[in-house]
Amino acid sequence: MMSGRRPLIAGNWKMNGKPLEGASLARELRSALQDPPAVDIMVFPPFLSINTAVEALKGTDITVGGQDLHPEAGGAFTGNVSGEMLKAAGCKAVLVGHSERRTYEKESGELLAAKVAGALRAGLQVIFCCGETSDERDAAVTQQVVVSQLNDGLGDLRATEMEQVVVAYEPVWAIGTGRVASPEQAQEVHATIRSWAAKTWDSGSARALRILYGGSVKPTNVAGIMAQPDIDGALVGGASLNADSFQGIVCYGGR
Ligand code: PGA
């Protein structure tokens with residue numbers, strides 16, 4: 001791990017927990033992580049739990065983000081939430097391009113680029129997710145798939161804008177399946193992502209870019225993943241819904 005990059009452990013709660021449950025998970029995290037290691041910690045509650053999570057985590061170093069946003073700042077877009085609204089609610093970041101949204105909500109590369117622009121305009125950090133399906137891995141097109149998702153979503157940004165972006169590599173076949181990528185499989189793709197950043201911008205941007213791994217990360221497998229030179233943290237789904245297991249990941253990840 002690393003070369004001056006501060007690790008980041010992020011918990012994606014997905015569509016789990018009502019606002020009061022989100023508040024109690026946030027309070028449990030607050031006490032479990034009273035003495036956190038040198039690592040950035042973020043949680044991504046469902047929209048309706050953002051307020052209660054922000055309140056419960058006030059005064060801690062744990063920051064809160066949104067799981068999605070609409071590209072526009074406001075207007076006639078029924079059912080949507082803008083980056084500006086997330087920011088005003090106390091969010092510091094937002095997820096863009098999660099495979100569940102690419103698949104179930106049919107989000108295109110073009111839409112994701114617009115969402116990235118909207119998030120940056122609102123002053124939010126972007127956690128941009130990418131990753132191949134198991135068919136794509138079997139067809140040996142992982143690198144091409146990931147690079148094309150990155151080009152579509154982030155390719156038009158300036159180097160200064162990339163400072164607000166974190167990339168999360170999440171192989172679709174590893175999400176929620178218990179089938180974690182091996183540290184070597186993940187490292188190979190992370191190295192590709194870093195060299196893509198060097199080619200698209202410059203070597204300084206590439207060196208500074210934080211690249212998280214996501215997909216069945218648990219306290220028992222995080223250490224091997226974090227030991228890889230191009231892996232700077234984890235985006236955690238299932239194991240972030242329990243304060244003890246999330247704390248276990250943060251503490252190993254921060255070593
Ligand atoms: P998982 O989800 O940890 O439950 O596999 C990861 C994610 O979707 O971000």
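Reader: What makes the pair formed by the side chain of Gln67 and the backbone oxygen of Lys14 a polar contact?

Author: In this predicted model, a polar atom of the Gln67 side chain lies 2.9 Å from the backbone oxygen of Lys14. The cut-off for a pair of N or O atoms is 3.5 Å, so the pair counts as a polar contact. The side chain of Gln67 also reaches the backbone oxygen of Phe44, at 2.9 Å. Gln67 itself is found in the loop between S3 and H3.

Reader: Why is Ala73 called partly exposed?

Author: The relative accessibility of Ala73 is 38%. Buried means under 20% and exposed means over 50%, so Ala73 counts as partly exposed. Ala73 is found in the loop between strand S3 (62–66) and helix H3 (83–88). Its C-alpha atom is separated by 25 Å from that of Gly11, 62 residues apart along the chain.

Reader: How do you know that the ligand has polar contacts with the protein, and which residues make them?

Author: An N or O atom in the side chain of His98 is 2.7 Å from an oxygen atom of the ligand. For a polar side-chain atom of Glu170 the distance to a ligand oxygen is 2.6 Å, and for a backbone N or O atom of Gly238 it is 2.8 Å. Each pair is within 3.5 Å, so each counts as a polar contact. The protein covers 95% of the 280 Å² of accessible area that the ligand has on its own.

Reader: Which residues come nearest to the ligand, and how does the shell divide?

Author: Of the 13 residues around the ligand, Lys14, His98, Glu170, Gly176 and Ser216 come nearest. The shell divides into four nonpolar, seven polar and two charged residues.

Reader: How do you know that the buried residues of H1 are on the same side of the helix?

Author: Helix H1 (residues 19–32) has 14 residues and reaches 20 Å from its first C-alpha to its last, close to the 20 Å expected at 1.5 Å a residue. Its buried residues are Gly22, Ala23, Leu25, Ala26 and Leu29. They cover an arc of only 165° around the axis, which puts them on the same side of H1.

Reader: What makes the buried residues of H7 a group on the same side?

Author: In H7 (residues 142–154), the buried residues are Thr142, Val145, Val146, Gln149, Leu150, Gly153 and Leu154. Their arc around the axis is only 130°, and therefore they are on the same side of H7. An α-helix has 3.6 residues a turn, so residues three or four places apart point the same way.

Notes
Residues are numbered from 1 along each chain as its sequence is written. This is a predicted model: local features need pLDDT of at least 70, side-chain atom pairs count only at pLDDT 80 or more; totals for chains, interfaces and linings use all residues. Side-chain values use heavy atoms; hydrogens and water are left out. A residue is near a molecule or strand if one of its heavy atoms lies within 4 Å of it. A polar contact is a pair of N or O atoms within 3.5 Å; within protein, one must be able to donate a hydrogen and the other to accept it, and residues adjacent in sequence count only if both atoms are side-chain atoms. Accessible areas come from the Shrake-Rupley method with a 1.4 Å probe; for residues, only the protein chains shown count as cover. Ala, Val, Leu, Ile, Met, Phe, Trp, Tyr, Cys and Pro count as nonpolar, Asp, Glu, Lys and Arg as charged, and the others, Gly among them, as polar. Helices (H or I, at least four residues) and strands (E, at least two) are DSSP runs, numbered from the N terminus. The expected span of a helix is 1.5 Å times one less than its number of residues. Buried means under 20% relative accessible area, exposed over 50%, partly exposed in between (1.4 Å probe, protein chains only). The arc is that of the directions from the helix axis to the C-beta atoms.
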